[in-house]
Amino acid sequence: MATSVLENVYDPEAFRKLGHELVDSLADHLSACLAPSEGQKVMDWQLPEDELAFWHAFDSKEPTEIFNTVLQRCIHTHHPKYIGHQVSAPAPITSLSAMLSALLNNGMAVYEMGKAPSALERVITDKLCEKLGYSPDARGFLTSGGTLANLTALLTARREKAPENVWEAGYSQKLGIMVSEEAHYCVDRAARIMGLGSEGIIKIPSTVDFVMDTSLLDTYMQKAKAQGIYVFAIVGSAPSTSTGMYDDLETIASFAQKHKLWFHVDGAHGGAAIFSPKYKNTLKGIDQADSVVIDGHKMMLMPAITTALLYKNGNTSYTTFSQKADYLLLQSQEEDWYNKAKRTFECTKLMMSLHWYMLWQTEGETLFDDFVTTLYDKGIQFAKTVQQRASFELAVSPMSNIVCFRLKLASGKLEQENALNLNIRQQLLEDGDFYIVQTKLRGKQYLRVTLMNPFTTETILEQLLDRIEEIGRSLV
Ligand SMILES: *Cc1c(COP(=O)(O)O)cnc(C)c1O
């Protein structure tokens with residue numbers, strides 16, 4: 001019997017067969033990555049134009065072949081020599097929750113379009129709030145990425161702390177936020193999207209250790225006032241992206257309290273350290289933050305994209321996008337935590353709570369502790385290894401799993417050293433054996449690693465340093 005295209009596309013048996021094949025090849029991929037054979041690459045490097053040409057020429061219509069070709073032509077976060085950007089090698093179970101979410105496609109904007117996952121979102125965010133040390137009045141939700149979560153938190157801050165309701169009336173005076181010069185670029189971008197302009201982003205210089213120099217806060221506040229800028233918020237980085245260094249949240253909290261500012265913590269990367277008894281001291285003072293961002297797809301083993309935005313006073317989370325000035329909660333006498341789109345920037349979003357719940361429910365908090373503690377330990381250990389080699393220099397002694405270092409030259413000429421480190425990183429990318437990234441700090445070009453994979457061994461890290469020295473010698 002002939003079937004229509006539409007019947008074919010929805011055929012459950014074809015899905016079953018293809019799904020099993022895909023899971024099989026992903027499981028093979030995982031075992032190959034976790035115990036890679038000699039010479040197995042993190043990525044097979046191609047120039048963008050060559051990759052484009054490949055796909056223009058690609059003509060297979062076989063689903064399995066298409067999947068497998070994509071699989072081969074991507075970077076592999078589960079490979080222990082993936083030591084680059086801060087995305088997690090997701091726990092495999094979360095790729096299954098992603099599949100369930102994708103097939104059901106519950107839109108999450110209103111309760112009935114995500115009944116179970118909306119309730120799970122409340123369960124998860126309540127637990128996260130408790131972990132932060134917040135009271136039962138705290139609330140949170142999940143949203144699509146740290147970038148969007150930071151913007152959302154700053155919009156709430158403006159609503160709560162600015163002397164006027166900008167959401168209704170627009171700006172009648174200059175407003176500003178304070179943030180370390182080392183903060184993630186998305187905070188700067190959020191401020192500009194909000195119309196604060198470059199004047200409204202008051203960048204506090206950092207110390208030699210790349211953390212906000214809080215001794216300058218009073219001076220910068222006076223300067224802002226003299227320029228007619230009303231500061232309504234201050235952002236602490238926990239940690240900053242480039243160097244992985246945590247701002248002093250306690251000191252920022254008392255400054256915020258003194259000046260009645262909204263205190264926001266960007267813990268996209270390292271908020272997860274709240275689960276680690278060994279490293280949670282880096283977050284001291286976070287319980288005083290009005291809002292906190294934690295990415296699930298960085299230090300919490302989840303696939304992109306899922307971010308928790310948590311509010312110390314749950315009421316405030318309802319005011320961000322409300323057209324009326326009063327609190328929805330007080331207005332209706334009933335808190336409709338389950339209609340998510342009232343509080344999120346997005347209308348439709350992913351059923352992302354399922355990832356958090358699967359990990360938390362099946363493994364418990366110790367999983368998050370193990371993950372963060374293991375990776376932070378590895379970062380700190382790697383820095384010691386770097387220091388043992390005279391040819392290298394660390395940017396700073398790390399507080400997390402992010403480590404910046406550079407190869408030095410006997411000549412000590414900065415321009416040459418910068419070019420050398422840039423070329424080394426490019427060569428590593430093209431080799432495809434290791435994946436690391438780069439960053440420029442105070443005019444110096446650094447190589448940057450983030451230990452994101454618990455299976456990256458000390459031997460691998462020694463091999464990386466050997467290879468860098470080898471490339472260095474060949475380039476000089
Ligand atoms: C990664 C990161 C962000 C951006 O988060 P996305 O989830 O990539 O949008 C913001 N702030 C910090 C400190 C980060 O590390």
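Helix α2 is the element that gives the most to the lining of the largest pocket, with 8 residues. Keep in mind that this is a predicted model.

The pocket itself has a volume of about 910 Å³. Its lining counts 31 residues, and those closest to the pocket centre are Leu26, Leu71, His78, Pro90 and Ser95. Three elements each supply two or more lining residues: α2 (12-34), α4 (63-72) and α5 (92-104). If you are wondering about the chemistry of this lining, it divides into 22 nonpolar and 9 polar residues, with no charged ones. And where does the largest pocket lie with respect to domain 1 (10-76) and domain 2 (101-365)? Both domains give residues to the lining, so the pocket lies between them.

Now let's turn to a residue worth a visit in your viewer, Glu121. You will find Glu121 in helix α6, which covers residues 115-132. Is Glu121 buried or exposed? Its relative accessibility is 0%, so Glu121 counts as buried. The side chain of Glu121 has these polar partners:

| Partner of the Glu121 side chain | Distance |
|---|---|
| Leu142, backbone nitrogen | 2.9 Å |
| Lys349, side chain | 2.8 Å |

Leu142 and Lys349 also appear among the residues in contact with Glu121 once its neighbours within four places in sequence are left aside. Met108, Phe141, Lys340 and Ser353 complete that set of contacts.

How values were computed:
Residues are numbered from 1 along each chain as its sequence is written. This is a predicted model: local features need pLDDT of at least 70, side-chain atom pairs count only at pLDDT 80 or more; totals for chains, interfaces and linings use all residues. Side-chain values use heavy atoms; hydrogens and water are left out. On a 1 Å grid over the protein atoms alone, a cavity is a set of points where a 1.4 Å probe fits but cannot get out, and a pocket is an open set with protein on both sides within 12 Å along at least five of seven lines; lining residues have an atom within 4 Å of a point. Grid points are joined across faces, edges and corners, and a volume is the space filled by probe spheres set on the points. Helices (H or I, at least four residues) and strands (E, at least two) are DSSP runs, numbered from the N terminus. Ala, Val, Leu, Ile, Met, Phe, Trp, Tyr, Cys and Pro count as nonpolar, Asp, Glu, Lys and Arg as charged, and the others, Gly among them, as polar. Domain bounds come from an automatic or database domain assignment. Buried means under 20% relative accessible area, exposed over 50%, partly exposed in between (1.4 Å probe, protein chains only). A polar contact is a pair of N or O atoms within 3.5 Å; within protein, one must be able to donate a hydrogen and the other to accept it, and residues adjacent in sequence count only if both atoms are side-chain atoms. Contact means heavy atoms within 4.5 Å.
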